[in-house]
Amino acid sequence: MQFSDEELVEKVLKGEQRAFEVLVNRWQRQIYGLALRILGREDDAYDVCQETFLLAYRNLSKFRGEAKFSSWLYRIAINCCHTVMRTRGNNLSLECQREEVGYEPSVESDFLDEAMQKAQLSKIVRRALMGLPAEMREVIVMKEYQQMKFHEIAEVLGIPVSTVKTRLYTGLEQLRQRLSHIKGAL
Amino acid sequence: MKHCDRKEDLITYLYGEMDAEQERAFRRHLLSCSSCRVEEASFRAVRTSLQSWQLGDVPQIVVPLEATKRKSIAEYLEEMLAVFPMLRYAAVSAVACLVMLTVAAALNTEIRYDATGFSVKLGLFNKVETAALSVDEQQVKALIEAAVREREAQLRQEIEVKIALLDKELSEKNATLLSKAARELKLEQRLRLQRALMKLEQERNYGIRFEQDPFNLWGGVSKSTSWGD
Ligand SMILES: [Zn+2]
């Protein structure tokens, strides 16, 4: 039998620690994916993921069930991501600097087989996404990779739905510009 | 192409979050608005590109919940008793002794525990009867020591396994960090070279002199450094 997130939370609060492991296993891929695509670094993503579940465990009694458990968890994760971004400052990683200076090797699709082309495209997309302002990247990641509804994103970020849509629009617009010179990207 | 202010609707439509009525209406708008049509198509292409970044294997997240749990005194005691099972018997027998002594005092009994063993003198019957239970002290000691040793060995083994696991995790993490550092260093060196080249080029084109030596790529060594005495 599959317990719902909320049922599992109840169990943990009654002292069944194993129920929390079920929650971790259920959500770790989602949380890790969110952090990785927002922060762009695997080690940071791991740390954020671990910290998110620890904070969730310690504060579980404060989860009142007004929101979905996943939204609550995403909210913690986003806050952890913000902390990491603050400590790292606005310094772009070297990988991003390289993109800004324009050292990106040109992609000649004729010379690449399909798998390589795909890998190359994935890399380019990754860099383009990392080059966006964080507030736009967050919204795009939640919508495109976590398949969250507009109202969920609004709830997690604590902003109006219309702001979510505006950020998404601007983000997509910037991505379109960043990807427009890449053959095969659009 | 004329500007259109229905950006929010376009986004809602793009992600399929309109109700049927809104969707029909927006489809009609698309037919007449080339600006939205072009934008919608280009956004769909961006969305397709975004899907090329797929998540690979995700590491199993280890959440150290134990560290966050605060132990009660009862739990500590329970843990201690688990480590040294003989303590439990000691605790039980201490209580038993106390009861026995109380009863014995009431019955005017003489209990003696000395090198010769354990003897009880029952004064109740006014006649001396010695029951030598002869519990060998050495035997008890040996039993306790054996139990403690066994438990110690077991714990030691468990700890060793845990340490080995942690070591492995650490060395794996170190390896990825090292390769990452090497890559960033290489990138940085490339950037410096590229910048130096640009400076050289500028110098050639415009005759600009730079205070810094463009070949001094790694900052530390200057021309005046003497190599040996
Ligand atoms: Zn329009």
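**Entry 1: where the two chains meet**

I began with the contacts between the chains of this predicted model. I found 49 residues of chain A in contact with 45 residues of chain B. Together, chain A and chain B bury about 4,600 Å² between them. Carbon and sulfur atoms account for 64% of that area.

Next I looked up polar contacts. Between chain A and chain B, I noted 16 residue pairs in polar contact, with both residues at pLDDT 80 or more. Which elements of chain A give two or more residues to the side that touches chain B? My list reads α2 (17-39), α3 (42-58), α5 (94-101), α6 (114-130), α7 (134-144) and α9 (161-179) of chain A. I then sorted that side of chain A by class, and wrote down 26 nonpolar, eight polar and 15 charged residues.

**Entry 2: salt bridges across the interface**

I reminded myself of a general point here: side chains of opposite charge can pair when their charged atoms come close. How many salt bridges does the rule find across the interface of chain A and chain B? The rule finds three.

I looked at B:Arg47 and A:Glu144, whose side chains meet in a salt bridge at 2.6 Å, N to O. I asked myself whether A:Glu144 is buried or exposed. At 2% relative accessibility, A:Glu144 counts as buried, because the cut-off for buried is under 20%. Its partner B:Arg47 has 22% relative accessibility and counts as partly exposed.

**Entry 3: salt bridges in the whole structure**

I widened the search to the whole structure, and it gave 16 salt bridges over all chains. One that I followed up is in chain A, where the side chains of A:Arg167 and A:Glu135 meet at 3.7 Å, N to O. Where do these two residues lie? I placed A:Arg167 in helix α9 of chain A and A:Glu135 in helix α7 of chain A, so the pair ties together parts that are 32 residues apart in sequence. A:Arg167 counts as buried at 18% relative accessibility, whereas A:Glu135 is partly exposed with a relative accessible area of 40%.

With those helices in mind, I went back to the pair that crosses between chains: B:Arg47 sits in helix α3 (residues 34-50) of chain B, and A:Glu144 in helix α7 of chain A.

In chain B, I picked out B:Asp9 and B:Arg6, whose side chains meet in a salt bridge at 3.0 Å, N to O. B:Asp9 counts as partly exposed at 28% relative accessibility, and B:Arg6 is listed as partly exposed at 28% as well.

I also found a network of salt bridges, which links A:Arg41, A:Asp43, A:Asp44 and B:Lys180.

**Entry 4: aromatic rings**

On to the rings, with one general note for myself: a pair of aromatic rings is described by the distance of the centres and the angle of the planes. I counted nine aromatic pairs over all chains. In one of them, A:Phe63 and A:Trp72 are 5.1 Å apart centre to centre, with 45 degrees between the planes, and the pair is tilted. Both A:Phe63 and A:Trp72 are buried.

Why is the pair of A:Phe150 and B:Tyr15 edge-to-face? I read a distance of 6.0 Å between the ring centres and an angle of 85 degrees between the planes, so the pair is edge-to-face, because planes over 60 degrees apart count that way. I traced A:Phe150 to helix α8 (residues 150-157) of chain A and B:Tyr15 to the loop between α1 (7-14) and α2 (20-32) of chain B, so the pair joins two chains. A:Phe150 counts as buried at 2% relative accessibility, and B:Tyr15 counts as buried at 11%.

I noted one aromatic cluster too, made up of A:Phe63, A:Phe69 and A:Trp72.

**Entry 5: the build of chain A**

Last, I stepped back to chain A as a whole. How many helices and strands are there in chain A? I counted nine helices and zero strands. Along the sequence, the pattern reads α-α-α-α-α-α-α-α-α.

Chain A has 186 residues, and 49% of them count as buried. I then took the contacts in chain A between residues at least 6 apart in sequence, and found that 61% of those contacts join residues at least 24 apart.

Conventions:
Residues are numbered from 1 along each chain as its sequence is written. Chains are lettered from A and ligands numbered from 1 in the order in which they are written. This is a predicted model: local features need pLDDT of at least 70, side-chain atom pairs count only at pLDDT 80 or more; totals for chains, interfaces and linings use all residues. Side-chain values use heavy atoms; hydrogens and water are left out. Contact means heavy atoms within 4.5 Å. Buried area is the accessible area (1.4 Å probe) that two parts lose on being put together, summed over both. A salt bridge is a side-chain nitrogen of Lys or Arg within 4 Å of a carboxyl oxygen of Asp or Glu. A polar contact is a pair of N or O atoms within 3.5 Å; within protein, one must be able to donate a hydrogen and the other to accept it, and residues adjacent in sequence count only if both atoms are side-chain atoms. Helices (H or I, at least four residues) and strands (E, at least two) are DSSP runs, numbered from the N terminus. Ala, Val, Leu, Ile, Met, Phe, Trp, Tyr, Cys and Pro count as nonpolar, Asp, Glu, Lys and Arg as charged, and the others, Gly among them, as polar. Rings of Phe, Tyr and Trp (its six-membered ring) pair if their centres lie within 6.5 Å; planes under 30 degrees apart count as stacked, over 60 as edge-to-face and the rest as tilted. Buried means under 20% relative accessible area, exposed over 50%, partly exposed in between (1.4 Å probe, protein chains only).
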